[in-house]
Amino acid sequence: MTFDAVTAGRARGCDVVIADTAGRLPTQLHLMEELKKIKRVIGKAQDGAPHEVLLVIDGNTGQNALAQVKTFDDAIGLTGLIVTKLDGTAKGGVLAAIARERAIPVYFIGVGEKLEDLQTFNAAEFAQALLA
Ligand SMILES: Nc1nc2c(ncn2[C@@H]2O[C@H](COP(=O)(O)OP(=O)(O)OP(=O)(O)O)[C@@H](O)[C@H]2O)c(=O)[nH]1
Ligand SMILES: [Mg+2]
């Protein structure tokens with residue numbers, strides 16, 4: 001599937017092909033193996049791909065988010081994070097713990113369900129909001 005998608009994207013001159021995998025539990029080993037295979041297959045369709053491997057984490061998840069980041073990073077090498085649901089009660093403090101363990105940049109944060117609620121991450125603003 002992803003092989004076909006990347007091949008078709010190249011043929012059509014697309015700038016970006018996004019493979020959105022369904023939620024995968026890091027505790028389900030066969031699903032993690034499948035994820036590694038998806039990454040390998042993308043690399044076969046284009047040298048050097050995938051250029052980005054992003055993990056979306058739910059900002060309400062707390063400490064478990066750190067475990068998820070570690071497991072997915074070990075399995076497929078993450079290049080970026082997206083942290084959603086920061087409009088809830090959780091302020092995403094786990095990001096501080098994640099930053100200490102894995103130096104993976106945060107690309108976007110989610111603060112609601114609308115398109116414009118996916119915002120670029122600003123570390124200084126985030127730290128201010130955390131302490132407010
Ligand atoms: N309040 C709030 N809701 C969000 C945010 N991000 C996503 N949602 C909602 O959460 C629900 C699940 O979002 P999805 O994007 O389907 O989540 P997913 O991780 O792709 O789920 P799977 O593909 O099933 O693994 C949807 O109703 C979204 O609108 C956010 O930042 N804030
Ligand atoms: Mg999804």
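The salt bridges in this predicted model come to a count of 6. I shall take up several of them, beginning with helix α2.

There, the side chains of E33 and K36 meet in a salt bridge, at 3.2 Å from N to O. Both residues lie in α2, 3 residues apart, about one turn of the helix. E33 is partly exposed, at 42% relative accessibility, and K36 is likewise partly exposed, at 27%.

I turn next to R102. Its salt bridge with D73 has the closest N and O atoms 3.1 Å apart. Since R102 lies in the loop between α4 and β3 and D73 in helix α3, the pair ties together parts that are 29 residues apart in sequence. D73 counts as buried, at 17% relative accessibility. R102 also meets D74 in a salt bridge, at 2.8 Å from N to O. D74, by contrast, is exposed, at 59% relative accessibility. Through shared partners, salt bridges join D73, D74 and R102 into one network.

What of the nonpolar interior? The largest nonpolar core has 22 residues, and those touching the most other members are L55, I57, V69, L78, L81 and I98. Helix α3 gives the largest share of this core, 5 residues. Leaving aside residues up to four places away in sequence, L78 touches several residues, including V69, F72 and D73.

Finally, helix α1, residues 2–11. Its buried residues are T2, V6 and G9. Seen down the helix axis, they fall within an arc of 60 degrees, so they line one face of α1. On the other side, D4 and A11 are exposed. The cover over the buried residues of α1 includes α2, the helix that holds E33 and K36.

Note on methods
Residues are numbered from 1 along each chain as its sequence is written. Chains are lettered from A and ligands numbered from 1 in the order in which they are written. This is a predicted model: local features need pLDDT of at least 70, side-chain atom pairs count only at pLDDT 80 or more; totals for chains, interfaces and linings use all residues. Side-chain values use heavy atoms; hydrogens and water are left out. Buried means under 20% relative accessible area, exposed over 50%, partly exposed in between (1.4 Å probe, protein chains only). Helices (H or I, at least four residues) and strands (E, at least two) are DSSP runs, numbered from the N terminus. The arc is that of the directions from the helix axis to the C-beta atoms. Contact means heavy atoms within 4.5 Å. A nonpolar core is a set of buried Ala, Val, Leu, Ile, Met, Phe, Trp, Tyr and Cys residues joined through side-chain atoms within 4.5 Å. A salt bridge is a side-chain nitrogen of Lys or Arg within 4 Å of a carboxyl oxygen of Asp or Glu.
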